[in-house]
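Colleague: I would like a close look at a single part of this model, with the cut-offs stated wherever a term depends on them. Please begin with one residue and work outwards from there.

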Amino acid sequence: ELSDLQKVKPWILKDPRMCLTFRTWLPLFDKIPAVVFVYRNPVEMAKSMIKRAETVDAKWRMKRIFRLWMAYNKAAITQSDDLCRVVTSNSKILENPLSEINRIIK
């Protein structure tokens with residue numbers, strides 16, 4: 001339950017779909033959360049998704065993935081616009097995780 005999760009602090013939830021429904025969940029938190037917005041290069045994300053896909057036309061899939069990337073990133077920015085938000089990238093975290101985490105928590 002969410003109330004049990006809030007007893008352990010700090011906690012992190014990583015789910016890209018959360019950016020679509022974040023405002024629905026917000027009233028259930030006992031405190032307004034901070035948001036760490038981690039973006040990923042859309043080409044890297046598309047290649048990763050295509051690699052996992054089975055026999056689907058890559059061009060069609062690329063277009064669809066780019067539209068999804070745009071929709072999710074736009075929603076994440078809009079949904080967290082008035083909150084404490086730190087922006088980073090997937091590549092920065094992978095390149096130097098400790099340094100980037102230290103930057104985020106400051």
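What relative accessible area does Arg85 have?

Modeller: Arg85 is partly exposed, with a relative accessible area of 28%, on a scale where buried means under 20%, exposed means over 50% and partly exposed is in between, computed with a 1.4 Å probe on protein chains only. Before going further, please note that this is a predicted model, in which local features need pLDDT of at least 70 and side-chain atom pairs count only at pLDDT 80 or more, while totals for chains, interfaces and linings use all residues. Residues are numbered from 1 along each chain as its sequence is written, and side-chain values use heavy atoms, with hydrogens and water left out.

The side chain of Arg85 forms a salt bridge with Asp81, the closest N and O atoms being 3.9 Å apart; the term requires a side-chain nitrogen of Lys or Arg within 4 Å of a carboxyl oxygen of Asp or Glu. Asp81, the acidic partner, is exposed at 55%. This pair belongs to a set of 4 salt bridges in the structure.

Another of them joins Arg23 to Asp82, with 2.3 Å between the closest N and O atoms. Since Arg23 lies in helix H2 and Asp82 in the loop between helix H4 (58-79) and strand E2 (85-89), this pair ties together parts that are 59 residues apart in sequence; helices (H or I, at least four residues) and strands (E, at least two) are DSSP runs numbered from the N terminus. Arg23 is partly exposed at 33%, whereas Asp82 is exposed at 59%. A further salt bridge connects the side chains of Asp15 and Arg17 at 3.0 Å, N to O, where Asp15 is partly exposed at 28% and Arg17 is exposed at 54%.

Helix H2, which contributes Arg23, also has a buried face. Its buried residues, within the span 18-25, are Met18, Cys19 and Phe22, and they lie on the same side of H2 because they cover an arc of only 75 degrees around the axis, the arc being that of the directions from the helix axis to the C-beta atoms. Met18 and Phe22 are members of the largest nonpolar core, whose 6 residues also include Leu26, Phe29, Val35 and Leu83; such a core is a set of buried Ala, Val, Leu, Ile, Met, Phe, Trp, Tyr and Cys residues joined through side-chain atoms within 4.5 Å. In soluble globular proteins, nonpolar side chains tend to be buried together. Leaving aside neighbours within four places in sequence, Phe22 is in contact (heavy atoms within 4.5 Å) with Phe29, Pro33, Val35, Gln79 and Leu83.

Cys19, at 11% relative accessibility, counts as buried, while Cys84 is exposed at 52%. The structure holds 0 disulfides, a disulfide being a pair of cysteine sulfur atoms within 2.5 Å.

Helix H4 can be followed through Asn73, which is found there and is buried at 14% relative accessible area. Its contacts, again leaving aside neighbours within four places in sequence, are Phe37 and Tyr39. Those two residues form an aromatic pair with 6.4 Å from centre to centre and 40 degrees between the planes, which makes the pair tilted; rings of Phe, Tyr and Trp (its six-membered ring) pair if their centres lie within 6.5 Å, with planes under 30 degrees apart counting as stacked, over 60 as edge-to-face and the rest as tilted. Phe37 is buried at 12% and Tyr39 is partly exposed at 36%. Asn73 and Arg40 are 33 residues apart in sequence, yet 9.5 Å apart in space, C-alpha to C-alpha.

For the wider setting, the protein has 6 helices and 2 strands, which follow the pattern α-α-β-α-α-β-α-α along the sequence. Of its 106 residues, 23% count as buried, and among contacts between residues at least 6 apart in sequence, 61% join residues at least 24 apart.
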